[in-house]
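Subject: Structure handover

Hi,

Here is the structure for you to look over. My notes on salt bridges and the main pocket follow below.

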Amino acid sequence: MNIISFSSDLSSKTKSFVLGVLADEGFAYDPLKDFDLDDIGGNYLRAGGAFFISLHDGKVVGTSAVRCLDSDSCEIKRLYVKNECRGKGLGLALFRKALDFAERNYSSIQLKTDSSLEKAISMYLRHDFIVIKEENGTVYFERSV
């Protein structure tokens, strides 16, 4: 499984993958939260961020992204791994790819996750993120570079 930067020819595969993972985890499509998937290039790449994809046999099996918030800060998001690919280090590799980009380009990094995702929370804490608040089942993290 290799990790590549997003390209527009993978738009529909990427959106379908992310929405499929969300559905598998019990999260419904939310047009207020998921609008970014309609124009990944515009919402991430052309806006100063990044979007990474892991492919296996031509299929998307993982993603991670960095979204620019302002000239100094960004948010790591869209960290997803297909169920059958979990536990093999792919999530960590995707996270580190996004983290490396964020560290090179921003001085403050934010992220958030559902409070039920204990492995993700543990990984973020191991990478020096601190919890800044927990609200309505969402844990918010921040880290200065």
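A residue counts as exposed over 50% relative accessible area, as buried under 20%, and as partly exposed in between. By that rule Arg104, at 55% relative accessibility, is exposed. Keep in mind that this is a predicted model.

Salt bridges

Arg104 has a salt-bridge partner in Asp100, with the closest N and O atoms 2.4 Å apart. Both sit in helix α4 (residues 90-105). They are 4 residues apart there, so about one helical turn separates them. Asp100 has a relative accessible area of 38%, which means that Asp100 is partly exposed.

There are 10 salt bridges in the structure. Another one pairs the side chains of Arg78 and Asp36, at 2.7 Å from N to O. Arg78 belongs to strand β4 (residues 73-81), while Asp36 is in the loop between α2 (31-34) and α3 (40-43). The pair therefore ties together parts that are 42 residues apart in sequence. Are these two residues buried or exposed? Arg78 and Asp36 are both buried.

A further salt bridge joins the side chains of Arg67 and Glu75, at 2.9 Å from N to O. Here the two partners fall into separate classes. Arg67 is partly exposed, because its relative accessibility is 29%. Glu75 has a relative accessibility of 7%, so Glu75 counts as buried.

The largest pocket

How much space lies in the largest pocket? The volume is about 1,500 Å³. The lining is made of 43 residues. Closest to the centre of the pocket are Leu79, Tyr80, Thr113, Leu117 and Tyr124.

Which element gives the most to this lining? Strand β4 does, with 7 residues. Several elements supply at least two lining residues each: α1 (11-24), α2, β4, α4, β5 (108-114), α5 (118-126) and β7 (138-144).

The lining has this make-up:
- nonpolar: 19 residues
- charged: 17 residues
- polar: 7 residues

Two of the elements named above link both topics. Strand β4 holds Arg78 of the salt bridge to Asp36, and β4 also gives the most residues to the pocket lining. Helix α4 holds the Asp100 and Arg104 pair, and α4 supplies at least two residues of the lining.

Best wishes

Methods. Residues are numbered from 1 along each chain as its sequence is written. This is a predicted model: local features need pLDDT of at least 70, side-chain atom pairs count only at pLDDT 80 or more; totals for chains, interfaces and linings use all residues. Side-chain values use heavy atoms; hydrogens and water are left out. A salt bridge is a side-chain nitrogen of Lys or Arg within 4 Å of a carboxyl oxygen of Asp or Glu. Buried means under 20% relative accessible area, exposed over 50%, partly exposed in between (1.4 Å probe, protein chains only). On a 1 Å grid over the protein atoms alone, a cavity is a set of points where a 1.4 Å probe fits but cannot get out, and a pocket is an open set with protein on both sides within 12 Å along at least five of seven lines; lining residues have an atom within 4 Å of a point. Grid points are joined across faces, edges and corners, and a volume is the space filled by probe spheres set on the points. Ala, Val, Leu, Ile, Met, Phe, Trp, Tyr, Cys and Pro count as nonpolar, Asp, Glu, Lys and Arg as charged, and the others, Gly among them, as polar.
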